[in-house]
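Subject: A structure for you to explore

Hello,

Here is the structure I promised to pass on to you. Have a look at it first, and then read my notes below with the model open beside you.

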Amino acid sequence: SGRNVNAYAEGMLLDKKGQKLGKSQNSKVVRSNSPKWGDNLKFAVPASSFSGLTIRCWDKHTFRRDGFLGQVTIKINTAVLNGESKIDDWFPLQTRGGRKKESVSGDIKLQIQYG
């Protein structure tokens, strides 16, 4: 849409069943229509207890509920968990499953490594 948003990203680890594992972590808020965070979200968990990660992007509001901008869910493969490889790629933002009225656009670049 071209308008600036107060964007932040929320990272959540997923357990083997795809459910949220532990507490999520948020990036700093950046006012932009093309935010660049450069934040490191770090989670202390054993490799055997999680299967992936969901990043949700939000527009921070002061007097109403934060606006959903999109999300991406990444499955973490064995090579990443063994420290042999890392993920460094662009991913298209998607809607949350089953919510037809959400308007989502854009991509997010993620770099993921374990260890």
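Start with glutamate 10, whose bridge partner in β2 is asparagine 26. Right beside that pair in the numbering, glycine 11 stands opposite glutamine 25, again in β2. Both pairs belong to the antiparallel pairing of strand β1 (residues 5-14) with strand β2 (residues 20-26), which runs over 4 bridges. The hairpin of these two strands has 5 residues between them, and there glycine 18 takes a positive phi near 85 degrees. Please keep in mind that you are looking at a predicted model.

**Strand β1 and its other partners**

β1 also pairs with strand β3 (residues 30-32), in the antiparallel sense and over 3 bridges. Here you can find valine 5 opposite serine 32. With β4, the pairing of β1 is antiparallel too and spans 8 bridges. To see one of the pairs, look for alanine 7, whose bridge partner in β4 is aspartate 59.

How many of the 10 residues of β1 are buried? The count is 9, so β1 is largely enclosed by the rest of the structure.

**Threonine 54**

Next, move to strand β4 (residues 52-59), where you will find threonine 54. Is this residue buried or exposed? Threonine 54 has a relative accessible area of 6%, and because the cut-off for buried is under 20%, threonine 54 counts as buried. Setting aside residues up to four places away in sequence, threonine 54 touches Glu10, Gly11, Met12 and Leu14, along with Gln71, Val72 and Thr73. With threonine 73 there is also a polar contact of 2.9 Å between the two side chains.

**Isoleucine 74 and the nonpolar core**

Isoleucine 74 is in strand β5. Although isoleucine 74 and threonine 54 are 20 residues apart along the chain, their C-alpha atoms are separated by 6.3 Å. Isoleucine 74 is buried as well, with a relative accessible area of 6%. Leaving aside neighbours within four places in sequence, isoleucine 74 is in contact with Ser51, Gly52, Leu53, Ile87, Phe91, Leu110 and Ile112.

Which residues touch the most other members of the largest nonpolar core? They are Ile74, Ile76, Ile108 and Leu110, in a core of 21 residues. At least two residues of this core come from each of β1, β4, β5 (67-75), α1 (78-81), β6 (87-92) and β7 (107-112). β1 gives the largest share, with 4 residues.

Leucine 110 is a good one to click on. Not counting neighbours within four places in sequence, leucine 110 is in contact with Ile55, Val72, Ile74, Ile87, Asp88, Asp89 and Phe91.

**The largest pocket**

Last, take a look at the largest pocket, which holds about 1,500 Å³ of space. Its lining is made up of 46 residues, and those nearest the centre of the pocket are Trp37, Ile55, Ile108, Lys109 and Leu110. The elements that give two or more residues to this lining are β1, β4, β5 and β7. Which element supplies the largest share of the lining? That is β7, with 6 residues. Notice that Ile108 and Leu110 appear here near the centre of the pocket, and that both were also named among the core residues that touch the most other members.

Enjoy exploring, and write back with any questions!

Best wishes

Key: Residues numbered from 1 in each chain as written. Predicted model: local features only at pLDDT ≥ 70, side-chain atom pairs only at ≥ 80, totals over all residues. Heavy atoms only, no water. Pairing = 2+ DSSP bridges. Buried < 20%, exposed > 50% of the residue type's maximum accessible area, 1.4 Å probe, protein only. Polar contact = N/O pair within 3.5 Å; in protein donor to acceptor, adjacent residues only side chain to side chain. Contact = heavy atoms within 4.5 Å. Core = buried A, V, L, I, M, F, W, Y, C linked by side-chain atoms within 4.5 Å. 1 Å grid on protein atoms, 1.4 Å probe; cavity = no way out; pocket = protein on both sides within 12 Å on 5 of 7 lines; lining within 4 Å. Points joined across faces, edges and corners; volume = space filled by probe spheres on them.
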